[in-house]
Amino acid sequence: MERDHEFDIILWGATGSTGRRAAHHLALRTDNGKRLRWALGGRNQAKLEAVRQQLGPEAADTPIVTADSHDVASLEAMVARTQVVCSVVGPYASFGTELLGACVRSGTDYCDLAAEAHWIRRMIDAHQAEAEQTGARIVHACGMDSVPSDLGVLFLQTAAVERFGEPCKEIKMRIDEFSGGFSGGTAGCLIYGMEHNEDKFIGECMTQPYSLNPEGMRQGPEKPNKMMSTKVEYDEDLGVWTKPFFMGPMNTKIVRRSHALMGYPYGEDFLYGPESQMVGSGPLGWLKAKAGALKFAGLVVATAIPPTRPLMTKYVLPKPGEGPDAETRENGEWGVVLVGKTADGRIIKARLHGDGDPGTESTSRMIVESALCLAEEADKIQVGGGSWTPASAMGELLLSRLIAHAGLTFELEQHPVGV
Ligand SMILES: NC(=O)c1ccc[n+]([C@@H]2O[C@H](COP(=O)([O-])OP(=O)(O)OC[C@H]3O[C@@H](n4cnc5c(N)ncnc54)[C@H](OP(=O)(O)O)[C@@H]3O)[C@@H](O)[C@H]2O)c1
């Protein structure tokens, strides 16, 4: 449905740690609103004005829109003014439900950074049918969770079909670089999960590997995950010890949902197993991997149990609005390797890399490109209303934008191995 909106994009949550970076990138990418109409959105006018000032004199005319996450009327008024809402207000389970409902009702396209499987599942169950009717495209997980995994698999499978004439039957993803910090909103999601750890639905969504797939498509070759694994494993293909990757439980579910939504192009028995982080080789590699896995588990346990949770919240974890400093953001980077195997054992590998701290800098560029893709390429996007993933909604369109504008590289290893 064509509508004449006042804005192409409202950046909802522009005052947060990720939101401030997203505002910066959106200002640059739109030539300060000259190329595309966008607005800074949030609940606090004065804070939004401060963010606008930080963007420099060229951005002085950027419009500001205010609403509140729990005031449905204010949200409805806001979403009616725009073609796309780009939401970086989280934890989404605490602050995202009413906004998503408002977007669905008004047929407004929406993207977010949600990495909360339970909330995404609840939103799909509540809104899928209505979104299909109103035409609202809802795209979750448009940041580090889970763009590299989701588009990395799409990239590798496209290359496998070109090189071998068939897709891989299994793909694994290994992190080989992940330097940066994390922000208050991400810490908030961890705390939310721990405060609600009695909720069976949350546990089920996290441990069931296909919990985000549409009903009737929640089976496949992957077994249920452990809530918190400290298992270290030797990767024969790469010759290194690996530890579990903390974003893996979310990323894998998004990849599997994409595959189901795209109609199983890689076959119903396609396996995308647990993601892990490469640590090193030899006994020292094993030791470092085990120590890293136990350290992360310790952090989660300390956040989970009531006696230490307040101490973690007060002294260790970043608070809402806080995030890595400029040096950490700029010097950070991430890199991953994807290894795919065909049914007869032929191997293909890809390497992905992103400039900037993965959690804020690289993530904010990814979500900005996702919002721009929804706004600028609305006519090229093949899917209609409903709940989507980055790969199933925007696929190659988003991939080329990330390479051109977000500091990401997707490279294929030239020489196939194991043939
Ligand atoms: N997937 C990924 O890779 C990834 C990476 C980074 C972040 N994230 C997610 O992105 C979300 C935001 O993270 P963050 O660290 O940027 O959070 P943050 O710094 O704490 O910012 C939260 C934002 O939410 C706003 N907010 C809070 N309560 C609100 C309300 N009632 N009404 C309207 N706005 C409200 C805050 O506004 P005020 O400034 O007025 O308080 C602020 O703009 C989190 O869910 C996080 O998990 C995901």
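**The ligand and its surroundings**

Of the elements in this predicted model, helix α8 contributes the most to the shell around the ligand, supplying four residues. It is joined in this by other helices: α1 (17–29), α4 (92–95) and α14 (358–376), like α8 (184–195), each provide at least two residues of the shell. In total, 28 residues surround the ligand, and the closest are T15, S17, T18, K47 and S183. Sorted by class, the shell holds 14 polar residues, ten nonpolar residues and four charged residues.

The position of the ligand can also be described in terms of domains. Domain 1 comprises 7–144 + 362–402, and domain 2 comprises 147–356 + 406–412; both give residues to the shell, and the ligand therefore lies between them.

Several polar backbone atoms of the protein approach the ligand. A backbone N or O atom of G185 is found 2.8 Å from an oxygen atom of the ligand. For S69, a polar backbone atom is 3.0 Å from a nitrogen atom of the ligand. At D145, the distance between a polar backbone atom and an oxygen atom of the ligand is 3.1 Å. On its own, the ligand has 920 Å² of accessible area, of which the protein covers 94%.

The view may now be widened to the whole chain. The protein chain contains 16 helices and 15 strands. Its radius of gyration is 21 Å, close to the 22 Å that the globule rule gives for 419 residues, so the chain is as compact as a globular protein of that length. The C-alpha trace spans about 55 × 50 × 40 Å along its principal axes. Of the 419 residues in the protein chain, 54% are buried.

S392 offers an individual case to examine. This residue is located in helix α15, which covers residues 390–393. Is S392 buried or exposed? The relative accessible area of S392 is 11%, and because the limit for a buried residue is under 20%, S392 counts as buried. The side chain of S392 also makes a polar contact, at 2.6 Å, with the side chain of T389.

To return to the ligand, the description can be drawn together briefly. The ligand lies between domain 1 and domain 2, with 94% of its accessible area covered by the protein. Among the backbone atoms that approach the ligand are those of S69, D145 and G185.

Terms used: Residues numbered from 1 in each chain as written. Predicted model: local features only at pLDDT ≥ 70, side-chain atom pairs only at ≥ 80, totals over all residues. Heavy atoms only, no water. Near = heavy atom within 4 Å. Polar contact = N/O pair within 3.5 Å; in protein donor to acceptor, adjacent residues only side chain to side chain. Areas by Shrake-Rupley, 256 points an atom, 1.4 Å probe, with all protein chains shown as cover. Nonpolar A, V, L, I, M, F, W, Y, C, P; charged D, E, K, R; others polar. Domains from an automatic or database assignment. Rg over C-alpha atoms; globule rule 2.2 N^0.38 Å. Buried < 20%, exposed > 50% of the residue type's maximum accessible area, 1.4 Å probe, protein only.
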